[in-house]
Amino acid sequence: MAACALRRGLLSGVSKYSRKHSHRILSVTDINSSFEVYKPRLQCRACGLLGGVQQKRFMSSRNRPEGKILEPVGVFEAVKQHGKYETGQLFLHSVFGYRGIVLFPWHARLYDRDITPPVSDSKPEPPGAHGSKEVKGKTHTYYQVLIDTRDCPHISQRSQTEAVTFLANHDDSRALYAIPGLDYVSHEDILPYNSAEQVPIQHELFERFLMYNPAKSPPFTPRDTLKAWQEKNHPWLELSDVHRETTENIRVTVIPFYMGMREAQNSHVYWWRYCIRLENLGSEVVQLRERHWRIFSLSGTLETVRGRGVVGREPVLSKEQPAFQYSSHVSLQAPSGHMWGTFRIERTDGSHFDVRIPPFSLESNKDDKAPPAGYTF
């Protein structure tokens, strides 16, 4: 009895596993394709039992003239409770369900406001923030990964697949440089697997960055081009701080990145991108309706931004599709600042509540680094 995952319905098959204490294989139906999707039997994080992980294959669909069918993709491996995954590790994303491969790990400082800090460890909030203390950062492992382009269309309504951007290295100050199909993934979001294919991930950078070496485990090792690209772009790719807070079962995670500085009209404009994930940890269906941002600049200005939804969407967060992730950008005419705010969430009965966005700092401490480089070698 193989554990299966269908690309279109992958989220239903593997999402929210880290919060489940169960080894059952549950089937759901993908209405659009009339296929059954099965929840893989994975290691339970609560009790540590393995439940036959190593023997279970999972499947993926592929478009063919006669229609969509299920095809073998690989074999699940044991989830790492300690240590980190190496470059070349294949995985399924436990929340968004896409296939990916690890490029390299980052060690980030995770500021989790759901953990009550000791008084001595708390830090003062930025002006006007919502009145609680920020916990002391705790080291946590994240990964820079490539997303399989075959899965991008099926996750586009739940997660952006071109979230890694920085300022282009040429004279057009309005241009942004985007690296498609890159993501930052937390250690607990990785469901590792192995595959007999020499090119198991479809991405234009896969064979430029990685090569097949059957003598290694995992059998995909970094090329010199990956090492050089990582070293040169380290300041612009580096994930350093992650902020997290939960309000009424809606968890908001924010990851800010400094993008660079541009000169405009005899002044300096500093740019950041920020990635936000909203995740419904409960069973109630809710919908994001509005956003309310406060942006404080070191120059002393405080800006308020209100609007419908985020990035033009008002995502629904349900038990079947509990998460939504997006990226956006902000600029200041000062080298540092802070952001915080709330999301207005609507219940099915029409009532509303506000979900706090944890305050996070905007720092431009990488101005002395070289401009980011492209990936055309």
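Which residues does Ile101 touch, not counting residues up to four places away in sequence? Select Ile101: its contacts (heavy atoms within 4.5 Å) include Leu90, Phe91, Val145, Leu146, Ile201, Phe206, Leu210 and Phe220.

The model is predicted, so local features need pLDDT of at least 70 and side-chain atom pairs pLDDT 80 or more, while totals for chains, interfaces and linings use all residues. Residues are numbered from 1 along each chain as its sequence is written, and side-chain values use heavy atoms, without hydrogens or water.

Next, show the largest nonpolar core (buried Ala, Val, Leu, Ile, Met, Phe, Trp, Tyr and Cys joined through side-chain atoms within 4.5 Å; buried means under 20% relative accessible area, exposed over 50%, partly exposed in between, with a 1.4 Å probe and protein chains only). This core has 31 residues, and Ile101, Leu103, Trp229 and Leu239 have the most contacts inside it. Its largest share, 6 residues, comes from strand β6 (residues 99–112); strands (E, at least two residues) and helices (H or I, at least four) are DSSP runs numbered from the N terminus. A second, separate core of 28 residues includes Val254, Tyr258, Ile295 and Phe343.

Move to the salt bridges (Lys or Arg side-chain nitrogen within 4 Å of an Asp or Glu carboxyl oxygen). Select Glu248 and Arg347, whose side chains meet at 2.8 Å, N to O. Glu248 lies in the loop between β14 and β15 and Arg347 in strand β21, so the pair ties together parts 99 residues apart in sequence. Glu248 is partly exposed, at 48%.

Then select Glu279 and Arg251, a salt bridge at 3.3 Å, N to O. Both Glu279 and Arg251 are buried.
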